[in-house]
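Visitor: I have a few minutes before my next spin finishes. Please walk me through this one.

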Amino acid sequence: MNLKELPLRTGVFGAEPWTEDMRERIEAGSDIKAYDIYGLSEIVGPGVANECIHQAGPIFSRTCFIRKSLIRNPRAAARRHGGELVLTTLCKRAMPMIRYRTRDITSLEPARCACGRTLRRIRRIGRRSDDMLIIRGVNLFPSQIEAALLKVEGTLPHYQIIVDRQKGLDTLEVQVEVTNEAFSDTVGGMEQMQKRLAHSIETITGLRPALKLVAARTIQRSEAKPTVIDKRIM
């Protein structure tokens, strides 16, 4: 299908961080204008902030959110480098959020947008303050991988997560250490273990990664957290 032949002229994209390079690739391949949208299910879902036609960063709604103190950062000078976005809702009656920490790192744009709006505007969100990964719009925590591995006999709680982006799509590979007995088993036995692991991970996370079984003590140890290698350029 040639996307340029479709009558589509506008696309709104969210759910995970994306770069200006990705925007240019989408627009060049489809002849549409690609706009950034920001939202959280805890707040109001999609539409917390949206870009205007100038594509200069999402603009917040004045009637739904407090327009000041959005960045939680104790150092004023650090605001140039970004801080954690904190929101207080004004239009949620059943479950209001007061100074809700989003974990999303961004910074405020002090200048007025070229469209003339004076509403608060933020820069593109490219990372989070915690260790959560966003894979194809799905939130993934390393602890979920560990929980899935522990459900399969023969695996060890040592693993490595490798995230990459190929042809515009996120890829996920999980390298898992297995016991010496399981690693020296037959090829058929290893394949069956891979299937059980893939099913366990998919049940917990909703993602089906590529799996690589490795011998014990072959993955580099980290005292702080499991090794996560994110090759995507944010």
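Visitor: How many helices and strands are there in the protein chain?
Guide: Helices (H or I, at least four residues) and strands (E, at least two) are DSSP runs here, numbered from the N terminus. Counted that way, the protein chain has four helices and 16 strands.

Visitor: What should I know about the model itself before we go on?
Guide: It's a predicted model, so local features need pLDDT of at least 70 and side-chain atom pairs count only at pLDDT 80 or more, while totals for chains, interfaces and linings use all residues. Residues are numbered from 1 along each chain as its sequence is written, and side-chain values use heavy atoms, leaving out hydrogens and water.

Visitor: In which strand is confidence lowest?
Guide: pLDDT is the predictor's confidence in each residue, from 0 to 100. The protein chain averages 83, and 87% of the residues score at least 70. Where pLDDT is low, the predicted coordinates should not be read in detail. Confidence is highest in strand β1 (residues 10-13), at 94, and lowest, at a mean of 59, in strand β5 (residues 71-72).

Visitor: What percentage of the residues of the protein chain count as buried?
Guide: Buried means under 20% relative accessible area, exposed means over 50%, and partly exposed is in between (1.4 Å probe, protein chains only). Among the 234 residues of the protein chain, the buried share is 38%.

Visitor: Which residues of helix α1 are exposed on the face turned away from its buried side?
Guide: Helix α1 spans residues 20-30, and its buried residues are Met 22, Arg 23, Glu 27 and Ser 30. Looking down the axis of α1, those buried residues fall within an arc of 130°, so they line one face of the helix; the arc is that of the directions from the helix axis to the C-beta atoms. After α1 comes Asp 31, whose phi is positive, near 60°. The face turned away from the buried side of α1 carries the exposed pair Asp 21 and Glu 24.

Visitor: Which residue meets Glu 20 in a salt bridge with an N to O distance of 3.0 Å?
Guide: A salt bridge is a side-chain nitrogen of Lys or Arg within 4 Å of a carboxyl oxygen of Asp or Glu. Glu 20 is partly exposed, at 38% relative accessible area, whereas its partner is buried, at 3%. The two are three residues apart in helix α1, which means about one helical turn separates them. The partner of Glu 20 is Arg 23.

Visitor: How far apart in space are Glu 20 and Arg 124?
Guide: Glu 20, Arg 23, Asp 36, Glu 51 and Arg 124 are linked in a network of salt bridges. Glu 20 and Arg 124 are 104 residues apart in sequence, but the C-alpha to C-alpha distance is 9.1 Å.

Visitor: How many salt bridges does the structure hold?
Guide: Glu 202 and Arg 208 meet in one of them, at 2.7 Å from N to O, with Glu 202 at 34% relative accessible area and Arg 208 at 47%. Asp 230 and Arg 232 form another, at 2.9 Å; Asp 230 is partly exposed at 31%, whereas Arg 232 is buried at 8%. The structure's total is 10.

Visitor: Which element gives the most to the largest nonpolar core?
Guide: A nonpolar core is a set of buried Ala, Val, Leu, Ile, Met, Phe, Trp, Tyr and Cys residues joined through side-chain atoms within 4.5 Å. The largest has 23 residues, and Ile 145 and Leu 172 have the most contacts inside it. Each of β11 (133-135), α2 (142-149), β13 (155-166), β14 (169-178), α4 (187-205) and β15 (210-214) supplies at least two residues of this core. With five residues, the top contributor is α4.

Visitor: Which residues does Ile 145 touch, not counting those up to four places away in sequence?
Guide: In α2, the buried residues are Pro 142, Ile 145, Ala 148 and Leu 149. They cover an arc of only 120° around the axis, so they sit on the same side of α2. With contact meaning heavy atoms within 4.5 Å, Ile 145 touches Leu 140, Tyr 159, Ile 161, Val 174 and Ile 201.
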